[in-house]
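Please look through the structure below, starting from a single residue and moving outward to the place where two chains meet.

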Amino acid sequence: MRKFLLKRALMLPLVALGVTFLLFSLTGLLPPEMRASIYLQDQRELTPELMQELIKEHKLDAPLVVRYGSWLKNLLKGDLGYSETARMKVTEAIKTYLSATLELTIFAIIPIFFIGTRLGTVSAVKKDKWPDQLTRLLAITGYSLPTFVFGLLALMFFYGWLGVLGPGRYSFETDMLIHSDAFKSYTGLLTVDSLLNFKLGVFWDAVKHLILPASVLCFGSVAMLIRITRTSMLEELNKDYVRTARAKGLREAYVIGAHVRRNAMIPVITLVSLQFVRLLGGVVITETVFDFPGIGRWGVKAAQQLDLAGVMGFSLMSALLFVLANTVSDVLYAVMDPRIRYGE
Amino acid sequence: MFDERTLKRFRKSKASIFGLGLIAAFLLLALLAPFIAKPQGSDPYQMPQSGYSSEPQKPSAGKIFGTTESQYDLFYGVVWGARTAFKIGAAVIFVALAAGLIIGGLAGYYGGWADEGAMRLTDVILAFPGIVLAVVIVAMLGPGIEKVIFAIAAVSWPAYARLFRGDILTVKKQDFVTASRVMGAGDFWIFTRHILPNSIYPVVVVASLDIGSVVLTAAALSFLGLGAPAGYSDWGQLVAMSRNWILGAAGSPFAYWHTLLIPGGAIFLFVLAWNLLGDAFRDVLDPRQQ
């Protein structure tokens, strides 16, 4: 076990380093003048002399490896440049937007877990009967319907027609309140902060703005969990110990709940941590549709306007989270399933 | 991998037949596009515009799907969009599969540092959520169909390389390969005559079933404004054009439903068809689910 953990822990920084190099080498596609924009606070200040100075200072016309070295040094110092679209430093932008995205993904992952495992179990137990057919129909619709189409449909109904739920992260009144002195930010998660400040109105407003994007994320991602749960349950249901349990005269509900589900959950649990980060890819579109001020919307805006520092910061952040979650998932798997550990 | 029994099970699944039928219909639409919707300008992929008002028009006798923002003809866009979808899907799969086969093949056959290097490269690319890396690449290259194709291929090939490499590793250890080597066969002969025929089919099947998800990603990029140029017949762009109109007009919230539902429905049906086919294949081939 220790050897396995050590190996994973050593892989982590290596892959992270590879990720930074890959991202950085992509900037090699751009001319040096464009690369200079990373270090620019205000485009209006730009003069030809300043441009030459920036190119010289950051060695922007040097070969790739030299540039990478100087960029990496800045990165380790926590300096990722200035994001034009966010109008703040990239590190600050990440801090601001990541909490919004985190809140959204938490609101999506909880229903994904419960609905996914529940429907997956039902689907396996009632294989080929109507509950299974219905669940599979739901699942395949979920991953065939594009997030942006479903999101716009949801807005059409709940915002355009009913007028109850809208885009954004909070309403105008809440915006005024949370940026006044009467509101203290503890976690950056609006739902948690509002409760800590005893502002139920803000809490309700935040929840109202989370319902639609979280449901859209959930609908798109729950299908995969349903499928994995179903496959895993079916595999376990065919095993000998199930027959033994039934032959002993145990009630079917007990066999499923106490025996089969427990074993079937091993791959499922590890998948949830992966799912969590897959959502971080999903938020790119969902946040754009709902104009939700998270890391995904920022990344897309940065890409549209060629805000190079923003694009780099956003993608670096996504990739590092992704790598981290992959490692967590692997380790969890090894902890729960001894066959992985000893199979080395 | 396709014995008689597998094919029989496949034919019995109604969902797969439905999926196959849908794909055939879309393919027909794409092939016959010049006859179904006559091109008017010099570039057939450019949607014709009737007028300059930005407000979409409802479906009518002359324009059966109506027009979307800036008076682009929706029927024309949907028909030629099918062609765009197949074009992007086929091109991405071709490029990604070629890259995956070459890199995965070299890694699997030669092993050693070639394998180590190739696999670490796939590690790094797979460390990104696909859409994120695609967004970054398109941002660097600028929008355009060819760039979208390149970006999606660049994030898709590692999966094929890994799958192919794994299959090669299994085949490489078989006795007939050793026998051939003992008889003095060279690398090229062994690879093309013995290893390739025994390892290429799974990865080709997996890749071709990915056309649906490739088109979905391309549509998403277009929706984000990072794909097709303005006016290009592309379903994702048509959905993006509906964004300003989803709230409807005063007193009639669904006044512009057609701008969203028609192109959105086209993407949905296209992706659904490929997913139905893919699911059927997996169910049929996965012994654990029997």
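In this predicted model, Ile152(B) is in contact with Val92(B), Ala134(B), Val214(B), Thr217(B) and Ala218(B), once its neighbours within four places in sequence are left aside. Ile152(B) itself is found in helix H7 of chain B, which covers residues 145-172.

How many other C-beta atoms lie within 10 Å of Ile152(B)? There are 30 of them, and because a residue counts as buried from 20 or more such atoms, Ile152(B) is buried. In soluble globular proteins, nonpolar side chains tend to be buried together. Here the largest nonpolar core holds 164 residues, and the members that touch the most other members are Ala134(B), Val135(B), Ile152(B) and Val215(B). Two of these, Ile152(B) and Val215(B), are separated by 63 residues in sequence, while their C-alpha atoms are 9.6 Å apart in space.

From this core the reader can turn to the meeting of the two chains, where 42 residues of chain B are in contact with 42 residues of chain A. On the side of chain B that touches chain A, at least two residues each are supplied by helix H5 (112-126), helix H6 (130-141), helix H10 (211-223), helix H11 (235-242) and helix H12 (257-285). The largest share of that side comes from H6(B), which gives 10 residues. Sorted by class, the side of chain B that touches chain A consists of 30 nonpolar, 7 polar and 5 charged residues.

Methods
Residues are numbered from 1 along each chain as its sequence is written. Chains are lettered from A and ligands numbered from 1 in the order in which they are written. This is a predicted model: local features need pLDDT of at least 70, side-chain atom pairs count only at pLDDT 80 or more; totals for chains, interfaces and linings use all residues. A nonpolar core is a set of buried Ala, Val, Leu, Ile, Met, Phe, Trp, Tyr and Cys residues joined through C-beta atoms within 7 Å. A residue is buried if 20 or more other C-beta atoms lie within 10 Å of its own, exposed if 12 or fewer, and partly exposed in between; C-beta atoms are placed from the backbone. Two residues are in contact if their C-beta atoms, placed from the backbone, lie within 7 Å. Helices (H or I, at least four residues) and strands (E, at least two) are DSSP runs, numbered from the N terminus. Ala, Val, Leu, Ile, Met, Phe, Trp, Tyr, Cys and Pro count as nonpolar, Asp, Glu, Lys and Arg as charged, and the others, Gly among them, as polar.
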